[in-house]
Amino acid sequence: MHIEIDEKSGFCFGVVKAITAAEELLSTREGGVWSLGDIVHNRVEVTRLEQLGLHTVEHDRLPELSGKCVLIRAHGEPPATYALAKRYGIELVDATCPVVAKLQERVRRAWEEMRTVGGQVVILGKPGHAEVVGLTGQTEEEAIVVQSLNDLERIDFSRPVCLLSQTTQSLSLFQAVREEILRRAYHPEQVTVHDTICRQVSNRGPHLQEFAARFDVVVFVSGSKSSNGKVLYGLCREANERTYKVEDASELRPEWFEGMQSVGVCGATSTPKWLMEEVAGAIARMTR
């Protein structure tokens, strides 16, 4: 059995930045380190860091963390989180992805500009996703979040519109939303579009489709909470219907590999390389 791990899969640089920050803090802080939400949408990696001493907490526990060191993950946070941390004397370590941080500033500026002309900020993204929460917080929750073309009914097309996107959204969906907004706008010249999709993420789609097509079977490794993982897995399935998604090696099934000669192992931008290697090793033992 030929087994190959996709060399371009694995953490994006924003996640690498957050994981590295967590590991450095854990090696130097005796008082403990807390992550505000899962540091990455991968259960196995979160468990590894928790075993090193990282505590994962939700926002409602911030009042209990006075004087503690709290890490802001790559997805970023809304301004309200920084205000609460200051109020409770929390030491924040900001590991927001630079691409997300730049997008937050762009959303804030767009909101200020739209307010002066009676316009609307529209964000293509998943409602409730950590990154989207951080983005809508820049607009005092006035931004309109759309997830599909069906959600465009919420837009007042008689008013100016500024369209932006969560960094990990599908490029093709963003283009479709852009075209439909322009088509339905009373005054298309009053529609501003900012393509804010991270190319390090979006460029993986075409590459993964090429990768998946080369093998008899593909195993896609991703956490169940990863939005990026759902998108990339879907693209792999389009290229190879014998693509299976697992969180770790325990979910592998021997029947997937019966009569097959090659297996490709790949993953999301939130999937650590070591986990893909672990899955590949388990496949090798299973198919001896």
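Helices and strands here are DSSP runs, at least four residues for a helix and at least two for a strand, numbered from the N terminus. The model is predicted.

**Whole chain**

Start with the full chain in cartoon view. Its secondary structure amounts to 10 helices and 12 strands. The radius of gyration is 21 Å, close to the 19 Å that the globule rule gives for 288 residues, so the chain is as compact as a globular protein of that length. Turn to the principal axes: the C-alpha trace spans about 65 × 55 × 25 Å along them.

Next, colour by accessibility. Of the 288 residues in the chain, 50% are buried. Switch to a surface: the chain exposes about 13500 Å², and 48% of that area is supplied by carbon and sulfur atoms. If contacts are displayed, take those between residues at least 6 apart in sequence; 72% of these join residues at least 24 apart.

**The loop between α5 and β7**

Select α5 (130–136) and β7 (144–146), then the loop between them, where E140 lies. E141 lies in this loop too, between α5 and β7. Show the backbone and read the phi angles. Most residues other than glycine have a negative phi. E140 is not a glycine, yet its phi is positive, about 55°. E141, also a residue other than glycine, has a positive phi near 65°.

Are the two side by side in this loop buried or exposed? Exposed is the term for a relative accessible area over 50%. E140 has a relative accessible area of 56%, so E140 is exposed. For E141 the relative accessible area is 56%, and E141 is therefore exposed as well.

**The largest pocket**

Now move to the largest pocket, which holds about 220 Å³ of space. Select S170, L171, S202, G205 and L235: of the 14 residues that line the pocket, these are the closest to its centre.

Which helices should be shown around the pocket, each supplying at least two residues of the lining? They are α6 (171–184), α7 (199–202), α8 (204–213) and α9 (227–239). Colour α9 separately, since the largest share of the lining, four residues, comes from α9.

Finally, colour the lining by residue class. Six of the lining residues are nonpolar and eight are polar, with no charged residue among them.

Conventions. Residues numbered from 1 in each chain as written. Predicted model: local features only at pLDDT ≥ 70, side-chain atom pairs only at ≥ 80, totals over all residues. Heavy atoms only, no water. 1 Å grid on protein atoms, 1.4 Å probe; cavity = no way out; pocket = protein on both sides within 12 Å on 5 of 7 lines; lining within 4 Å. Points joined across faces, edges and corners; volume = space filled by probe spheres on them. Nonpolar A, V, L, I, M, F, W, Y, C, P; charged D, E, K, R; others polar. Rg over C-alpha atoms; globule rule 2.2 N^0.38 Å. Buried < 20%, exposed > 50% of the residue type's maximum accessible area, 1.4 Å probe, protein only. Contact = heavy atoms within 4.5 Å. Areas by Shrake-Rupley, 256 points an atom, 1.4 Å probe, with all protein chains shown as cover.
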